[in-house]
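Biologist: I am new to this model. Please take a close look at one part for me, the inside of the fold, and then work outwards from there.

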Amino acid sequence: MNSTIQKDQFYDSFIKNFISVVFGLIINYINGTFVLVFCKSSVFYSDPRYILYTHLVINDMIMLSISVGLQVTIYAVGPFSLPVCCVVLFVSVIVTKNSPLNLACMAIERYIAICKPLHHPQICTVRRTYMLIWFIWTLSAVPAFSDIFITLSTRTESFFSTAVLCHMVIIRNTWQHVVNDTVSNVVYLLFVWITLIVTYFKVLSAANAASADRVSARKGRNTILLHGGQLLLCMMSYITPLLSTVLVDLFPQSRTTILFLLFLFSNVLPRLLSPLIYGLRDKQFAERVKVYFCCKKTQIIRVT
């Protein structure tokens, strides 16, 4: 990362940061609009499905803010306090783990709604949904706390008083960190993939049953497929280091451009998918979002 900054001219650095910040602001504005629509209607915050969806959107907003903020800070400030960096990376690890687990919970909720509709109101209550969200955060925090313990046990005291470039590769570069990351990623992603596959075939079986609501089952099946597609995009963050190494070896003269594009496509643009995939497909959400933007336009016209 340090060499990347040294090779970038001021104009190149400014353009890259400008693009990242603009995309980040636009995506967070869109996601924030969906969160605002959720908060303004009791129809949404009393439904477990929309609660889990909004939690996913908020998680994406936090992840995007950290990613873009770190990129701009590294370019503009350079090295800064290591304890502050550790706190930022701690939150980053948690929100990164949150997304796949949230997708698995959304798939389970759809499975219960379609395959066990009579039990859905008793199983998927608002209180249990918020408890589930706390459980997701707790489960995601386990690898993050493990990283902190590994860092504290493998680093000297002088290391924590230095200023460093805040990047995962620099802070978490021991073999213990590699083992911790590999094990946690394999366990969590394996659980999520198994959950998505099982729920998909359960819903598919319900769609083929004579007594099933075929329209609802088809929508649920498509939603779980979209969960799988979004999970693949979530996994881009895991293969980006390997992909960057391969591409940089093939095109060393375009190193900074390759790293920036991979950052854009793996950390920034995927955060726009949640409102596009789920929000706009949902009629209630889409109608309220349209009304919100129409009201904004009307106010602007009146003021003008």
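Modeller: What follows starts with the whole chain, goes to the core, and ends at the surface.

This is a predicted model, so local features need pLDDT of at least 70, side-chain atom pairs count only at pLDDT 80 or more, and totals for chains, interfaces and linings use all residues. Residues are numbered from 1 along each chain as its sequence is written, and side-chain values use heavy atoms, with hydrogens and water left out.

First, the overall picture. The protein has 14 helices and two strands. Here helices (H or I, at least four residues) and strands (E, at least two) are DSSP runs, numbered from the N terminus. Of its 304 residues, 43% are buried. Buried means under 20% relative accessible area, exposed over 50%, and partly exposed in between, with a 1.4 Å probe and protein chains only. Among contacts with a separation of 6 or more, 81% join residues 24 or more positions apart. A contact means heavy atoms within 4.5 Å.

Now the inside. The largest nonpolar core has 34 residues, and Tyr53, Leu231 and Phe285 touch the most other members. Such a core is a set of buried Ala, Val, Leu, Ile, Met, Phe, Trp, Tyr and Cys residues joined through side-chain atoms within 4.5 Å. Helices 2 (10-39), 4 (48-76), 5 (82-115), 7 (126-154), 9 (175-208), 10 (214-234), 13 (273-279) and 14 (283-303) each give two or more residues to this core. Another core, of 10 residues, lies apart from it, and Ile66, Phe80, Leu89 and Cys166 are among its members.

Stay with helix 4, where threonine 54 sits. Threonine 54 has a relative accessible area of 4%, so it is buried. Beyond its neighbours within four places in sequence, threonine 54 is in contact with Val35, Phe38 and Phe285. Serine 274 is 220 residues away along the chain, but its C-alpha atom lies 9.1 Å from that of threonine 54.

Helix 4 also holds aspartate 60, which joins a distant part of the chain. The side chains of aspartate 60 and arginine 271 meet in a salt bridge, at 3.4 Å from N to O. Arginine 271 is in the loop between helix 12 (255-268) and helix 13, so this pair ties together parts that are 211 residues apart in sequence. Both aspartate 60 and arginine 271 are buried.

In general, side chains of opposite charge can pair when their charged atoms come close. The rule used here asks for a side-chain nitrogen of Lys or Arg within 4 Å of a carboxyl oxygen of Asp or Glu. The structure holds two such bridges. The bridge not yet described joins arginine 110 and glutamate 109, with the closest N and O atoms 2.9 Å apart. Arginine 110 is buried because its relative accessibility is 15%. Glutamate 109 is also buried, at 4%.

Glutamate 109 leads on to cysteine 124. Cysteine 124 touches Glu109, as well as Pro48 and Ile112, when residues up to four places away in sequence are not counted. It lies in the loop between helix 6 (120-123) and helix 7. Its relative accessibility is 13%, so cysteine 124 is buried. Arginine 49 is 75 residues from cysteine 124 along the chain, and their C-alpha atoms are separated by 8.7 Å.

Next, the aromatic rings. Rings of Phe, Tyr and Trp (its six-membered ring) pair if their centres lie within 6.5 Å; planes under 30 degrees apart are stacked, over 60 edge-to-face, and the rest tilted. That rule gives six aromatic pairs. One of them, phenylalanine 38 with tyrosine 45, is edge-to-face, with 6.3 Å between centres and 75° between planes. Phenylalanine 38 is buried, at 8% relative accessibility, whereas tyrosine 45 is partly exposed, at 38%. Tyrosine 200 and phenylalanine 201 are edge-to-face too, because their centres are 5.4 Å apart and their planes stand at 80°.

Last, the outside. The accessible surface comes to about 16400 Å², and 70% of it belongs to carbon and sulfur atoms. Areas come from the Shrake-Rupley method with a 1.4 Å probe, and for residues only the protein chains shown count as cover. Phe10, Tyr11, Phe14, Ile15, Phe18, Val22 and Ile26 form a nonpolar surface patch, with about 760 Å² of accessible area together. Patches take residues with over 30% relative accessible area and no salt bridge; like charges are joined within 9 Å, and nonpolar side chains (Val, Leu, Ile, Met, Phe, Trp, Tyr) within 5 Å. Tyrosine 11 is found in helix 2. Its relative accessibility is 59%, so tyrosine 11 is exposed.
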